[in-house]
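Work through the exercises below with the sequence and the structure at hand. Each task is followed by a solution in steps.

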Amino acid sequence: MVKSMNGEIDRSEVKRKGGRKKLNRVLKEMIGTLVYLLIVLCMVLFVVRYVGQRTEVWGASMESTLNDGDNLIVDKITYHFKDPQRFDIIVFPFQYEENTFYIKRIIGLPGETVQIDLDGTIYIDGEALEENYGREIIKPENVGIAIKPIVLGEDEYFVMGDNRNNSSDSRTEVVGNIHRDDIVGRAWMRIWPLSDIGILKHQ
């Protein structure tokens, strides 16, 4: 507390000190907020780069499991600890168009032989594949290069869309077999539309 020569309180000095304290408090709050936002930004960048990322489904190739316009979170970390499994829904880049990614389901695993006959039956190492993800039976004209046995390499996967007659996938030479290093991640969760939000079932 400050007093003037006549013993009265110098209120202007008190106001100045109070103003400085308020300014310091505001500055501390601003710095604290900036630090917090920086930490959040770093965490978001880390998650997007190494853990997961948001992606949007375009087209009908994965109907009726995934629909055009669905927004998903792709898990980018799981495959650092275990191998992709049959029926996993994965995301990978399209080799002929920059910044374009495909989302398909794994059907064939490394070292296996995949073949599809004209009645639409999928064979893995000569045995008919039991699965219920295909939207409909594959038509003869959509069997593609899988009419002949396709032997997968040690790091190759054979993928297909669930909408079997409306999907560009490993049955075409344009897409072909997918190498392990090209897999971005595993579709994990649908976050849009809100009516369908939830963890995706792969098997």
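**Exercise 1: M160 and the cores**

Find the residues in contact with M160, leaving aside its neighbours within four places in sequence.

Solution. In this predicted model, M160 is in contact with M62, K104, R105, I107, I116, I122, I138, S167, D169 and R171. Next, place M160 in the largest nonpolar core, which has 15 residues. M160 is among the members that touch the most others, together with I107, I116, I122 and F158. Then turn to the strands: β5 (113–116), β6 (122–124) and β9 (156–160) each give this core at least two residues. Finally, a separate second core has 12 residues, including I106, L109, Y157 and V159.

**Exercise 2: R105**

Decide whether R105 is buried or exposed.

Solution. Start with its place, which is in strand β4. The relative accessible area of R105 is 0%. Buried means under 20%, so R105 is buried. Now look at its side chain, which reaches the backbone oxygen of F87 at 2.9 Å. Beyond four places in sequence, the contacts of R105 include D88, Y133, D162, K201 and H202.

**Exercise 3: the largest pocket**

Describe the largest pocket by its volume and its lining.

Solution. The volume is about 500 Å³. The lining has 17 residues, and E56, W58, T100, F101 and Y102 are the closest to the pocket's centre. By type, the lining residues are seven nonpolar, seven polar and three charged. Last, at least two lining residues come from each of β1 (52–56) and β4 (101–108).

Conventions
Residues are numbered from 1 along each chain as its sequence is written. This is a predicted model: local features need pLDDT of at least 70, side-chain atom pairs count only at pLDDT 80 or more; totals for chains, interfaces and linings use all residues. Side-chain values use heavy atoms; hydrogens and water are left out. On a 1 Å grid over the protein atoms alone, a cavity is a set of points where a 1.4 Å probe fits but cannot get out, and a pocket is an open set with protein on both sides within 12 Å along at least five of seven lines; lining residues have an atom within 4 Å of a point. Grid points are joined across faces, edges and corners, and a volume is the space filled by probe spheres set on the points. Helices (H or I, at least four residues) and strands (E, at least two) are DSSP runs, numbered from the N terminus. Ala, Val, Leu, Ile, Met, Phe, Trp, Tyr, Cys and Pro count as nonpolar, Asp, Glu, Lys and Arg as charged, and the others, Gly among them, as polar. Buried means under 20% relative accessible area, exposed over 50%, partly exposed in between (1.4 Å probe, protein chains only). A polar contact is a pair of N or O atoms within 3.5 Å; within protein, one must be able to donate a hydrogen and the other to accept it, and residues adjacent in sequence count only if both atoms are side-chain atoms. Contact means heavy atoms within 4.5 Å. A nonpolar core is a set of buried Ala, Val, Leu, Ile, Met, Phe, Trp, Tyr and Cys residues joined through side-chain atoms within 4.5 Å.
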